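Open the model in your viewer and switch to a cartoon display. The tour goes from a sheet to the helices beside it.

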Amino acid sequence: MPALSHAPWTLEDREPYGEADTRAKLIDPRLYAAQWTEEHIRREETAGGIEVIEGEARRLSKGRVDYTLRFKISASAQPVALAYIEAKAETKDPAEGLQQGIDYSGASKRFNVPFVFASNGHAFIEYDHFTGQVSPARPMSEFPTPEALRQRYEIGKGFSLDSEAARPLLIPYAGGEAVRRYYQDAAIRAVFEALAGGKLRALLSLATGAGKTFIAVNLLKRIADAGLLRKALFVCDRDELRSQALGAFRNLFGSDVAEVYETEDGKNFAKNARIHIATYQTLDGDRGKEARNFFFKHYAEKNTFSHIVIDECHRSAWGDWKFILEENPAAVQIGLTATPRQIELGKKSSEASHDEAKWRDNVKHFGEPVYEYTLSQGIEDGYLAPPEIFTFDLFHEGQTEAERLRNVTRAELEAKNLKSSATGAPITSANLKEEYSPGELDERLLLPERVLALSQHLLEQLITHGGTPEQKTILFCASDRHAEAMSEQLGNLYRDWCLAHGQEAKAYFAFKCTAKSGGTDHVPDLRGSASSHFIACTVDLLSTGVDVPCLQNIAFMQYVRSPIVFAQMLGRGTRLDPDSGKMMFRVFDYTEATALLGREFFTKFKGSSGEKKTPPPPAEPPAIVEGVTIRIEPTGRYLTATLEGRHARVTLEQYREHIAQRLIAQAGSITEFRRLWVLPPERRGLIDSIVRGGFSPRALQVAQEAAECDLYDVLGEVGYGIVRQTRADRAYAFTYKQQPWLQLMPPPTAATVKAIASQFSLGGTEALETPHIFNTPMVVKAGGIPALRLFDDPAKLLTGTKERLFAA
């Protein structure tokens with residue numbers, strides 16, 4: 001075959017390899033030659049992006065698969081990601097991605113690694129984040145070793161992995177590698193790297209629903225396990241967030257966690273806890289300095305805390321409560337925010353300028369974000385629900401220009417029935433201003449005709465796009481009375497609809513949910529009831545800190561001017577909800593609120609007309625493996641499991657997490673896992689312990705479409721993060737990994753050992769343990785037992801072959 005025009009190598013007498021074979025047969029052997037074992041390579045697979053097609057959400061069947069190279073300082077240490085490696089088909093130039101404009105610096109940021117490689121198996125190029133330079137193509141024989149990359153990493157970061165400050169980086173996840181997603185690991189490492197480099201402050205920006213609480217808990221857990229945590233404070237600004245945090249922290253810290261409040265005898269309930277969970281309000285953060293009795297009574301000592309985590313720091317870090325940070329100047333201070341660094345504004349406003357000032361203040365205190373994960377990234381990866389956006393213009397009688405573009409004059413309002421939004425009292429023309437901006441209309445005035453028209457239109461939209469008005473919806477209104485009027489009118493229209501359709505109206509269809517009305521009492525029913533509380537009419541009570549995964553719609557009848565506030569409002573809908581099947585949500589925008597998203601985001605998620613829809617492909621029939629039902633649905637993959645004595649339906653991701661936790665409990669390291677695996681009684685005991693816990697490794701194998709992989713690889717990836725290989729690839733890897741051992745043998749013996757190893761590609765671990773293995777045609781043809789006896793006892797060689805097949 002002729003040489004490739006772009007490279008100095010030639011192909012053997014075979015067809016060129018595609019991307020998968022290039023990785024297994026060219027890149028992996030050369031990485032191994034450079035001392036990168038399977039413990040150094042991590043396969044990261046996302047959930048699979050979600051598309052909205054003709055109003056229906058569909059998950060892509062496969063997620064994106066990426067590979068990172070990690071350095072492992074010891075057998076028990078958590079590997080530290082150093083590089084991302086992209087495999088290209090053998091016939092492609094390794095630099096082709098750059099020619100096509102692929103952003104390797106983007107991969108560096110996404111995985112928080114300083115080095116990015118691309119290879120076709122023969123040559124590689126490297127992007128170095130520290131220098132910003134891309135190397136020319138070099139032969140794979142020059143690929144850097146783990147130790148070489150470690151040294152460059154340490155020089156670039158300014159610390160040694162052997163240092164005390166870097167210890168949290170080396171602490172494993174308490175529940176195994178399956179409990180985290182790639183971006184959560186990247187965010188946690190980014191904070192640890194900042195602290196190891198000598199900083200005391202770090203800022204993380206991740207979209208709502210991306211798991212900031214998980215990150216906070218695992219940050220503090222690994223710091224604690226490294227022996228560097230004395231006492232920590234987690235601060236949030238809503239009771240519901242505090243309750244969520246308490247549960248999450250207790251899962252890992254147990255009784256070392258307590259809620260901060262004053263008991264009847266005047267003591268701090270959390271006094272003896274290691275992790276204190278508080279709201280700003282509990283700490284008197286919403287009061288003036290003279291009224292901060294609680295904080296200075298219970299936390300009078302300077303630097304009471306060694307670590308402080310600030311949730312939603314963009315909204316509060318520079319309020320009156322910043323004294324919490326000032327009273328703990330030596331503490332590590334970590335800020336969490338869901339607000340993106342940059343929002344492309346359709347139009348400027350004083351609120352937007354104020355938001356920019358807030359962001360600058362946060363950056364001034366914490367520094368630039370050490371890691372960012374946006375809503376668009378979450379949707380692309382399949383971890384967040386995409387919005388479908390519908391915008392509507394409002395026109396006043398006789399006007400051709402939309403309300404959002406003009407002020408409304410007194411003359412246009414004089415003949416209308418008007419009430420005050422503040423008092424509910426009638427307003428005469430004499431009390432009207434000369435003109436009202438669009439945002440002032442519903443904030444100051446109640447127009448019954450307008451309330452009716454908007455209620456009718458919103459109900460029509462719900463029915464058009466969802467088939468029924470009974471959909472979980474948050475409606476952001478302009479004022480408390482506006483919310484009350486909208487809830488009453490929507491309720492009346494709903495009862496009319498039920499009467500026309502011959503069905504019984506459900507209670508609390510639409511309800512006011514504002515601070516003045518005690519709206520938080522309704523949140524549990526909004527979240528959990530399938531027969532009531534469908535449309536929550538609010539002002540700002542539900543804009544943040546309220547988790548309603550089943551939420552299907554968000555409607556804006558409030559003129560939102562703050563990008564930060566809008567991002568929080570939109571975040572109410574971005575959580576996926578496997579229980580209800582929710583994979584998307586709709587936005588009905590009557591006030592140009594979505595202009596705050598920026599043109600690119602808005603265009604990407606703009607909704608269709610809601611007319612003719614192509615039916616989704618038929619669902620695959622469920623599979624049943626060892627009594628576990630596996631269903632592949634548009635929302636994802638689900639398995640049945642036994643949790644706390646009852647059958648439950650869980651996502652594939654949750655199933656992986658539970659199996660990982662049980663694996664780690666039985667075998668704390670990959671070394672211990674390998675030792676147990678090659679001994680049949682111990683392996684059966686390991687698998688039986690997982691099955692007795694209500695989970696099936698075989699079912700996980702099927703659900704992950706990993707039938708070509710041995711259970712060793714399925715479990716090794718889930719529990720310990722090793723790169724998952726097919727049986728054929730693992731058998732092939734044996735031939736080059738064990739070449740030094742094979743070269744010690746007479747050629748007939750080596751050929752027979754290879755034939756034994758090849759049986760693994762046909763039947764996995766069990767194929768190596770059949771009593772008939774020495775009589776299989778391939779082994780007999782290679783030389784069989786006589787050939788093995790030329791070197792050693794056949795039984796010993798069989799055991800050695802099996803052990804080496806699973807070696808790193």
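Begin by selecting residues 636–643, which are strand β29, together with strand β30; 6 bridges join the two, and they run antiparallel. Keep in mind that this is a predicted model. To find one of these pairings, show Tyr 638 and look across to β30, where its bridge partner is Thr 651.

Now widen the selection to the whole sheet. It is an open sheet of 4 strands, in the order β27-β28-β29-β30, with antiparallel pairing. Its edges are β27, at 623–625, and β30, at 646–651; each of these pairs on one side only. Rotate the view to look along the strands: neighbours are turned against each other by 25° on average, ignoring direction. Strands of a sheet pair through backbone hydrogen bonds.

Next, add helix α20, residues 652–666. This helix lies across β28 (628–633), β29 and β30. Relative to β30, α20 runs at about 115°.

Then select helix α22, residues 680–692. The axes of α20 and α22 come within 10 Å and cross at roughly 135°. That angle falls between 115 and 145 degrees, so α20 counts as oblique to α22. The crossing of the two helices is right-handed.

Finally, show side chains where these helices meet. On α20, pick Ile 659, Arg 662, Leu 663 and Gln 666; on α22, pick Leu 686, Ser 689 and Ile 690. What kinds of residue make up the contact of α20 with α22? Colouring by type gives 4 nonpolar, 2 polar and 1 charged.

Methods:
Residues numbered from 1 in each chain as written. Predicted model: local features only at pLDDT ≥ 70, side-chain atom pairs only at ≥ 80, totals over all residues. Heavy atoms only, no water. Axes fitted to C-alpha atoms, helices over the stretch in contact; angles between N-to-C directions. Parallel < 35°, antiparallel > 145°, perpendicular 65-115°, else oblique. Left-handed = near helix turned anticlockwise from the far one by under 90°. Contact = heavy atoms within 4.5 Å. Nonpolar A, V, L, I, M, F, W, Y, C, P; charged D, E, K, R; others polar. Pairing = 2+ DSSP bridges.
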